[in-house]
Amino acid sequence: MTSLLQQAEIAVDKNKHSVNKRWYPVFHIAAQAGWINDPNGLVWFDGWYHAFYQFHPYSTQWGPMHWGHVRSKDLVHWEPLPVALAPEGPEDKDGCFSGSAVVDGDTLALIYTGHKFEGDATTDDAMYQVQCMARSQDGITFERKGIIIDTPPGLHHFRDPKVWREGDSWYMVVGARIGDCGQVRLYRSSDLYQWQDEGILAQSEPGMGYMWECPDFFKLGDKYVLMFSPQGIEADGYKNRNLFQSGYLVGDWAPGQPFVHNNDFKEMDHGHDFYAPQSLHSPDGRRIVLGWLNMWESAMPEQHDGWSGLLSVPRELVLGKNNHLLSKPISELASLRADNHNIGMTELNSERKVIVPHSDAIELQLTWDMAASNAERYGLSLATGLNIYVDSQSNRLCLERSYPDFNIQGVRSIPLADTNSLFLQIFIDRSSVEVFVNHGEYSMSSRIYPDDQQKSLSVFANHGRAVLTDGEYWNIK
Ligand code: FRU
């Protein structure tokens, strides 16, 4: 009999040949075919970075979750590996949901949520989520160990374990929902098998969401960061405009103590598509995050092409002033650069100039002289579909996309500080854009769907003058 893992491999091998590559990423993690969502199990093990992801190999829609798997020496060039987990056991028969990975001696341990219905698969009352473990010596094939934490009485939404080592103990945070209150629950263990309930690490105040998915908890500088993906936060002006958010709270914590923070929830990213980020601790001590570059329930035109979903470029987190997280593209991304082109100082007077007639995958670095620019709007366009511009009247940086054929339209923006210059580092892949503002002060990530005639990049100034003091770009290998 063919196992579910083998069946998944057979489906990928068959379906990958019919993938249309027009929007398929050149330098981001994506499945060879099929659907992906959250990054899972990010870890350094045995000389490799491993990344797993929520994966449905049989179609381009979400379905019973598997764990897809890739590995890399440098977080930039990824090698596909066999599917790591399939919903094979009674404990995860309806899906191997999100989770994390840790290195336990010479073993790689995956800790994930087993998702299962008992009876009617349409109601939350029949849904159970348990935390499970699978272990591997070679980092490629995994042996299931079954349930390590059963569903606490009264809970149904109880998922996305993130495990880490602190002193002599293992700790785990898990996302949960009680009524309309999102929670992060904390557990402790000495061996990864037996877990002790340590209570609630944090929970939502009114307005902070009914379910907190994908929690991650780590030390950064002298603070602790709780990163999570709340569902149910209402949009508030320019903030929280996506269906679901991903964001963080910064506070103080020590084992056995409460997490003390001031409920100041801030978004991780300010574009249209960034969800369920997870972090890893690199061997050289950096805190690196990858997110899913999509949003639940938004249009995903690549589904017609045999695939769906990708992960963001890895971003290094640093704690900045006022407990604001800086998120910078990792330095390893420079190894993707091919030919370098200098744009040089450019002055624009109510005009547009083409800088790249036909782009594919590209990194741009642009420095705008804000003090010398008085245009109402100025910035960069990718044909008519994407504009990244300063709006001088609101003093905001805007990312506007317009792909009306796919029902994708809208603006996201961030406030600009009163500084003289604005530095933008922009990564454009075939169906994504990631903008890093002023060396990590903000990031904005969105999906884009240009056709082959919509690949020219230009800089523009509307109604007035704009000065680009410096600009260069690299095509990406
Ligand atoms: C977040 C999420 C997780 C869950 C997974 C299921 O995007 O809903 O909470 O584990 O996706 O695929």
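**Exercise 1. Salt bridges**

Task: Determine which residue forms a salt bridge with R144.

Solution. Step 1: Apply the criterion, a side-chain nitrogen of Lys or Arg within 4 Å of a carboxyl oxygen of Asp or Glu. Step 2: R144 pairs with E91, and their closest N and O atoms are 3.0 Å apart. Step 3: Recall that side chains of opposite charge can pair when their charged atoms come close. Step 4: Place the pair in context; the structure holds 26 salt bridges.

This is a predicted model, in which local features need pLDDT of at least 70 and side-chain atom pairs count only at pLDDT 80 or more, while totals for chains, interfaces and linings use all residues. Residues are numbered from 1 along each chain as its sequence is written, and side-chain values use heavy atoms, with hydrogens and water left out.

**Exercise 2. Exposure of a charged pair**

Task: Decide why D13 counts as partly exposed, and do likewise for K16.

Solution. Step 1: The two residues form a salt bridge, with closest N and O atoms 3.3 Å apart. Step 2: State the classes: buried means under 20% relative accessible area, exposed over 50%, and partly exposed in between (1.4 Å probe, protein chains only). Step 3: D13 has 38% relative accessibility and therefore counts as partly exposed. Step 4: K16 has 28%, so K16 also counts as partly exposed.

**Exercise 3. Two domains**

Task: Describe how domain 1 and domain 2 meet.

Solution. Step 1: The domain assignment gives domain 1 (4–18 + 28–329) and domain 2 (333–476); such bounds come from an automatic or database assignment. Step 2: Their C-alpha centres lie 31 Å apart. Step 3: Using contact (heavy atoms within 4.5 Å), 33 residues of domain 1 touch 31 residues of domain 2. Step 4: About 2600 Å² is buried between the domains, 56% of it on carbon and sulfur atoms; buried area is the accessible area (1.4 Å probe) that two parts lose on being put together, summed over both. Step 5: The count of salt bridges between the domains is three.

**Exercise 4. The nonpolar core**

Task: Identify the residues with the most contacts inside the largest nonpolar core.

Solution. Step 1: A nonpolar core is a set of buried Ala, Val, Leu, Ile, Met, Phe, Trp, Tyr and Cys residues joined through side-chain atoms within 4.5 Å. Step 2: The largest core has 58 residues, and W368, I388, L397, I426 and V435 have the most contacts inside it. Step 3: At least three residues of this core come from each of domain 1 and domain 2. Step 4: A second, separate core of 27 residues includes A8, V76, L336 and F427.
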